Structure formats: structure tokens, C-alpha cells
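Me: Please take me slowly through one part of this model and its surroundings, and explain each term when it comes up. I am in my first year, so a connected account would help me more than a list.

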Amino acid sequence: MLDGLWASEQKKPAAEQQWVLLLDRVREFASRAAAMGGQLLWTFCRRAELVIQIVHLQHFAEAEVLLNETLAAVHEDPALVFITAQGAGVWWADAGRWKLASQYLARAIDTRCHRFSPMYLRALLWRAWAESMLGRSDPDALNSAVTFARDDAAISELDVIVALCEQAISLWNQNERNLAFAVWEEAVERLLSHSEHSVQWLQIYALIANNSTFFGVVAKGSAATPNVFTPEQGMFLRRWPDDLSSKYSVSTMWMLPRSEERRVGKECRSRW
């Protein structure tokens, strides 16, 4: 409910967004939650206040005070620490404050709180992204993210695909080409088997088509292809405009480049 408040607000034209008014409403909800003894609801209210302060108002100093106060109040409950630290880490990443993002996402992960599985997966993936933006590689985080996504029944198939795509890009950037292609192939298999044609599915398809084309062109040593951009870690995590889904086309997916034919074999080539 609380995520829906600010998510709806940010979809409005910039001139119509009323973040200060929304902040007042969220604070009112927090006061009522505290009066009722609803600590979980209170924590989610503070989490919503953080995204408004950090991402939309860019009141960074106020956000740090709010964050420290909230963590001090909930420090005895790992679930509430996780909710707070995970949100803070993602919002700091949104604001481009990568060191703070990595710090708070690591704290969220350290709680080992799997009560909110999709949020825990997001913490793992965004921590790996934050580390890459700081010039550090953390393959263990992505391995953990993919394992967690595959094993937890509460994780959606699209989120599993996103984790695989992020891992494949990381492997590609480490010049682990064979491993990258193997992970990428699984991602594409899952995407085509889970053809729901939602906006998110169409966006993921468009990004996968771009990357598949890029990987194929590079692997074959061909010239650059127009309108194809270089894959970057985090590209499956950041928010994209809804119209990215309009890039969907059944003719834009190239999966296995010629240079990989020897590895995958005739049977696999035939199947694709």
C-alpha cells in the first residue's frame, strides 16, 4: 500500500507531483501506526518516507537522520532492520550514492531475513550492481542471488530471469564467455517458456534481444550493429520507460552466435 502511494505519484507529470504533501500524509500514517503499536506498519511508513526524501526531494542529510533513528528504534528485530536497510540501499542507489547503497544493502543481506523474499533477492542483486559501480566485482553475490531465486518458491519466474541476466552480464564482463552463454541460454529458455506478454515481460524481452544481438556480434568479430547498446550490469534492475515494451518484436531475438556452434553442438542448434 505504501509503495503504491509514491509509485503512483512518480507516474504523474513532474508539474503535478506533490512530494511534500505526500510526505506529510506518510508521516501521519506513521504516527497512527505507532499509536496502535503497529511496528511493522510504522517501519514501512518510515521506508516510504526515505524514498521520498532521498529520491524525490533529495534531502540527503534529513534522510540520513531519519535512517539512523529508524534503525536504532528497530535494531532488535531482524525483519524490521532488513526492511529499513534494504529500502535505504535501493534508494541510495537510485540517487547515485553507490557507497552508501552498498553499505546498507550489505546490512540488509546480513540479517538473513527471507520473510520478504522478493525484497531479499533485490538486495542481493542491487548490492552486486553497487559493487560494480564502485569498480569492484562480487561474483559470489550474483551466485547467491541466482541460487536464491531458483530455490525460493515466492520468487516470480520473471525475477529468476532478471537474476540470470545480471549474472550473465557479469560473467561476460569478466571474459567468462562460455559460462556467460550458458547462463544466458537458460534465461532465454525461461523467458520464451514463460510468455505472458505483460509490460515487464516485453521490457525484459527487448533488453534480452539487444544483449543477444550484441553478444553474437562481438563473438563473431562482426562490425557494430546500429541501435544496439553495450550490456551493463544493473540494466535489468533500473527503471525503464513503459514504452521500452514497444521495442518487442518476434524477429529481434538471436540466441546462439556462430562462434558458439562447436560448443553447443548440432542438436542444440537445431532446437534453437
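Reply: Just after helix H5, Gly-96 takes a positive phi of about 80°, and this is a convenient place from which to look back along the helix. Because the model is predicted, local features need pLDDT of at least 70 and side-chain atom pairs count only at pLDDT 80 or more, while totals for chains, interfaces and linings use all residues. Residues are numbered from 1 along each chain as its sequence is written, and side-chain values use heavy atoms, with hydrogens and water left out.

Helices here are DSSP runs of H or I with at least four residues, strands are runs of E with at least two, and both are numbered from the N terminus. The chain has 12 helices and zero strands, and H5 covers residues 78–94. At 1.5 Å a residue, its 17 residues should span 24 Å, and this agrees with its end C-alpha atoms, which are 24 Å apart; the expected span is 1.5 Å times one less than the number of residues. At the start of H5, a side-chain oxygen of Asp-77 comes to within 3.0 Å of the backbone nitrogen of Ala-79.

A residue is called buried under 20% relative accessible area, exposed over 50%, and partly exposed in between, using a 1.4 Å probe and protein chains only. In H5, 15 of the 17 residues are buried, so the helix is largely enclosed by the rest of the structure. In the chain as a whole, buried residues make up 47% of the 272 residues.

Trp-92 is among the residues with the most contacts inside the largest nonpolar core, which has 90 residues; Leu-125, Ile-208 and Phe-236 are the others named. Such a core is a set of buried Ala, Val, Leu, Ile, Met, Phe, Trp, Tyr and Cys residues joined through side-chain atoms within 4.5 Å.

Beyond Gly-96, Trp-98 is found in helix H6 (residues 98–110), and at 15% relative accessibility it counts as buried. Not counting residues up to four places away in sequence, Trp-98 touches Ala-93, Trp-129, Ala-130, Met-133 and Leu-134, where a contact means heavy atoms within 4.5 Å. Trp-98 and Ala-130 are 32 residues apart in sequence, yet their C-alpha atoms are 5.4 Å apart in space.

From the core we can turn to the aromatic rings. A search of the whole structure finds 15 aromatic pairs, where rings of Phe, Tyr and Trp (its six-membered ring) pair if their centres lie within 6.5 Å, and planes under 30 degrees apart count as stacked, over 60 as edge-to-face and the rest as tilted. Phe-181 and Phe-215 form an edge-to-face pair, 6.3 Å centre to centre with 80° between the planes. This pair links distant parts of the chain, with Phe-181 in helix H10 (residues 177–193) and Phe-215 in helix H11 (residues 199–220), 34 residues apart. Phe-181 is buried, at a relative accessible area of 2%, and Phe-215 is buried too, at 3%.

Trp-184 and Phe-236 also form an edge-to-face pair, 6.4 Å centre to centre with 70° between the planes. Here Trp-184 lies in H10 and Phe-236 in the loop between H11 and helix H12 (261–271), 52 residues apart. Trp-184 counts as buried at 1% relative accessibility, and Phe-236 is buried at 9%. Ring pairs join Trp-172, Phe-181, Trp-184, Phe-214, Phe-215 and Phe-236 into a cluster.

Methods:
A polar contact is a pair of N or O atoms within 3.5 Å; within protein, one must be able to donate a hydrogen and the other to accept it, and residues adjacent in sequence count only if both atoms are side-chain atoms.
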